[in-house]
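Colleague: I am new to this one and would like to know how its labels are earned. Could you show it to me and take my questions in turn?

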Amino acid sequence: MSDASTQPAVSSAPSNDNVMAAVATIPLVGLIIYYGMKDASEFVKFYAKQSIGLLVLEIAVWIVTMVIGVIPFVGWVVGPILGMVANLALVVVWVMLLINALQGKKYRLPLVADAVDQYIK
């Protein structure tokens with residue numbers, strides 16, 4: 001018999017804070033967590049603020065896509081393509097936030113993080 005069974009297993013599972021931060025990266029959920037959970041850790045609130053910034057970006061992309069889509073002919077072609085590309089980019093950014101939250105690393109969204117920190121205290 002080997003001694004491997006007597007040694008404690010090293011867990012690669014993320015901590016509760018990391019899981020809560022990952023859940024907070026979901027844009028609307030992050031808004032609820034930031035304003036609803038006063039006892040959340042600073043790490044969780046950090047990612048909740050990042051997701052609020054991502055939510056604002058999603059709304060801005062939607063508005064710009066709708067405005068461009070109203071333009072006859074050119075907007076009917078450019079609007080959907082722009083919307084797809086921008087939404088794909090937002091999904092990639094969200095996945096980056098999610099992975100960093102699960103790994104326990106703080107990742108600030110460029111440009112967005114500064115604006116969010118300025119408006120949300």
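Modeller: Gladly! Helices (H or I, at least four residues) and strands (E, at least two) are DSSP runs, numbered from the N terminus. The model is predicted: local features need pLDDT of at least 70, side-chain atom pairs count only at pLDDT 80 or more, and totals for chains, interfaces and linings use all residues. Residues are numbered from 1 along each chain as its sequence is written, and side-chain values use heavy atoms, leaving out hydrogens and water.

Colleague: What pattern does the protein chain follow along the sequence?

Modeller: The pattern is α-α-α-α-α, with five helices and zero strands.

Colleague: Why are Phe43 and Tyr47 called an edge-to-face pair?

Modeller: Rings of Phe, Tyr and Trp (its six-membered ring) pair if their centres lie within 6.5 Å; planes under 30 degrees apart count as stacked, over 60 as edge-to-face and the rest as tilted. Phe43 and Tyr47 have 5.3 Å centre to centre and 75° between the planes, so they are edge-to-face.

Colleague: And why are Phe43 and Tyr47 separated by about one helical turn?

Modeller: Because they are four residues apart in helix α3 (residues 42-70).

Colleague: What makes Ile81 partly exposed?

Modeller: Buried means under 20% relative accessible area, exposed over 50%, partly exposed in between (1.4 Å probe, protein chains only). Ile81, in helix α4, has 47%, so "partly exposed" is the right label. Phe43 and Tyr47, by contrast, are both buried.

Colleague: How do you know that Lys106 sits over the ring of Phe46?

Modeller: The rule asks for NZ of Lys or CZ of Arg within 6 Å of the ring centre and within 35 degrees of the ring normal. Lys106 lies over the face of Phe46 at 5.0 Å from the ring centre.
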